[in-house]
Amino acid sequence: MSEADGLRQRRPLRPQVVTDDDGQAPEAKDGSSFSGRVFRVTFLMLAVSLTVPLLGAMMLLESPIDPQPLSFKEPPLLLGVLHPNTKLRQAERLFENQLIGPESIAHIGDVMFTGTADGRVVKLENGEIETIARFGSGPCKTRDDEPVCGRPLGIRAGPNGTLFVADAYKGLFEVNPWKREVKLLLSSETPIEGKKMSFVNDLTVTQDGRKIYFTDSSSKWQRRDYLLLVMEGTDDGPRVGARDSPALLDQLRFPNGVQLSPAEDFVLVAETTMARIRRFYVSGLMKGGADLFVENMPGFPDNIRPSSFGGYWVGMSTIRPNPGFSMLDFLSERPWIKRMIFKLFSQETVMKFVPRYSLVLELSDSGAFRRSLHDPDGLVAAYVSEVHEHDGHLYLGSFRSPFLCRLSLQAV
């Protein structure tokens with residue numbers, strides 16, 4: 001053996017470590033894999049624990065509504081006179097946080113009147129609020145109190161310095177605001193063609209004050225459940241009536257605002273669920289006939305009031321955006337989704353997901369769109385229910401907001 005061979009044999013061996021392809025010890029890989037499996041199993045168990053009760057609730061709970069599929073045309077494009085703007089944001093808020101839900105507005109001279117969510121009819125003058133009438137009794141703090149408290153909705157000034165008021169739960173009244181006198185004209189308990197009124201909504205009065213046309217929005221749902229009425233979308237017997245007369249027009253889907261023509265030959269009726277306005281002839285050669293005044297509107301119409309330009313103002317708190325996504329249009333042909341929604345969520349919760357977009361339309365005397373005023377997102381004017389014109393201003397009523405708005409017509 002040579003000396004070189006001896007040195008090679010005595011050279012110490014270097015230790016070697018066997019690793020996997022990633023250069024990690026087997027123990028580390030096994031630990032990571034085990035942790036991943038635990039996470040996946042835990043996540044799956046959590047998902048199952050949430051899904052099974054949810055599916056069980058959807059199967060076992062009853063839906064408060066029984067909607068029928070509805071079909072809508074594609075909404076009109078928001079172009080031309082319908083092009084979005086922010087003109088309603090120029091309005092000023094009045095009596096903010098001093099009243100809630102001033103749904104409808106009337107003037108006698110320069111004195112303004114409205115009804116509020118706590119069941120009062122109030123006078124608004126010189127920055128002061130004064131209660132002039134109540135049709136029910138308190139306490140009136142929540143919507144569940146409404147049937148006892150009453151809820152004044154449509155309000156009109158009569159020819160003799162009195163007010164005509166539609167209360168959702170109590171019926172039709174005439175109020176003398178100066179003497180605080182209240183006269184019941186038609187009780188909601190009075191059957192009309194065998195059915196009592198469940199949701200008295202709006203009214204319009206002839207110039208001599210002798211005849212009142214009004215809407216009863218549902219024979220099933222009360223005002224506090226208006227969202228269920230909209231979402232169910234059935235023609236459950238609501239009608240347009242006249243005091244001391246049988247129903248003039250029935251089988252409507254949420255008849256809402258109502259307005260006599262200047263010549264008092266026809267009555268316009270907002271059919272809210274169907275996004276259209278119907279016309280019913282009450283005098284003349286076409287008496288007893290009905291047709292569509294405006295169909296396929298860009299939103300869901302509420303009250304209708306006269307315009308000084310010879311047409312009509314229409315308030316809307318929800319629109320059908322095009323281009324865009326209309327939730328109510330989408331749901332209209334999918335009643336099973338509506339059922340599921342109201343099995344799981346309350347009306348107040350659902351309202352939080354309804355986009356706030358205030359729209360005011362001025363219609364010509366033939367029903368054409370004349371101009372539109374918008375407040376995207378309802379930043380200033382929210383939940384608009386009515387547009388009342390007086391002395392060069394638009395007064396915007398709201399079924400929900402704690403204020404009303406005033407907008408100068410010169411500004412728009």
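Q: In the loop between which helix and which strand is the place of Gln68?
A: This is a predicted model, and in it Gln68 belongs to no named helix or strand but to a loop. Following the chain, that loop runs between helix H2 (26-60) and strand S1 (92-94).

Q: Is Gln68 buried, partly exposed or exposed?
A: The relative accessible area of Gln68 is 37%. Buried means under 20% and exposed means over 50%, with partly exposed in between. Because 37% falls in that middle range, Gln68 counts as partly exposed.

Q: How many Å apart in space, C-alpha to C-alpha, are Gln68 and Arg334?
A: Gln68 touches Glu232, Thr234 and Ser332, when residues up to four places away in sequence are not counted. Along the sequence, Gln68 and Arg334 are separated by 266 residues. In space, the C-alpha atoms of Gln68 and Arg334 are separated by 8.5 Å.

Q: Which residue's backbone oxygen does the side chain of Gln68 reach at 3.5 Å?
A: Besides its contacts with Glu232, Thr234 and Ser332, Gln68 has a polar partner on the backbone. At a distance of 3.5 Å, the side chain of Gln68 reaches a backbone oxygen, and that oxygen belongs to Asp66.

Q: Which residues are linked with Glu130 in a network of salt bridges?
A: Glu130 forms a salt bridge with Lys123, where the closest N and O atoms are 3.5 Å apart. Arg180 also forms a salt bridge with Glu130, and here the closest N and O atoms are 2.1 Å apart. The network that holds Glu130 also includes Glu125, so the residues linked with Glu130 are Lys123, Glu125 and Arg180.

Q: How many residues apart in sequence are the parts that the pair of Arg180 and Glu130 ties together?
A: Arg180 and Glu130 meet in a salt bridge. Arg180 lies in the loop between strand S8 (171-176) and strand S9 (181-187), while Glu130 lies in strand S5 (residues 128-134), so the pair ties together parts whose separation in sequence is 50 residues.

Q: Is Lys123 buried or exposed?
A: Glu130, the salt-bridge partner of Lys123, counts as partly exposed at 33% relative accessibility. For Lys123 the relative accessibility is 12%. Because buried means under 20%, Lys123 counts as buried.

Q: Which strands hold Arg279 and Asp291?
A: The side chains of Arg279 and Asp291 meet in a salt bridge, with 2.9 Å from N to O. The pair ties together parts that are 12 residues apart in sequence, because Arg279 lies in strand S16 (residues 276-281) and Asp291 in strand S17 (residues 290-294).

Q: What is the angle about the S-S bond in the link of Cys140 and Cys149?
A: The structure holds one disulfide, and this disulfide joins Cys140 to Cys149 with an S to S distance of 2.1 Å. Cys149 counts as buried at 2% relative accessibility. The link of Cys140 and Cys149 is left-handed, and the angle about its S-S bond is -105°.

Q: Which residue's backbone nitrogen lies 2.9 Å from a polar atom of the side chain of Glu271?
A: Glu271 is in strand S15 (residues 266-271) and is buried, with a relative accessible area of 1%. When residues up to four places away in sequence are not counted, Glu271 touches Leu252, Arg253, Phe254, Arg276 and Arg278. Among these contacts is the residue whose backbone nitrogen lies 2.9 Å from a polar atom of the Glu271 side chain, namely Arg253.

Technical notes
Residues numbered from 1 in each chain as written. Predicted model: local features only at pLDDT ≥ 70, side-chain atom pairs only at ≥ 80, totals over all residues. Heavy atoms only, no water. Salt bridge = Lys/Arg side-chain N within 4 Å of Asp/Glu carboxyl O. Buried < 20%, exposed > 50% of the residue type's maximum accessible area, 1.4 Å probe, protein only. Helix = DSSP H or I, 4+ residues; strand = E, 2+ residues; numbered from the N terminus. Disulfide = S-S within 2.5 Å. Polar contact = N/O pair within 3.5 Å; in protein donor to acceptor, adjacent residues only side chain to side chain. Contact = heavy atoms within 4.5 Å.
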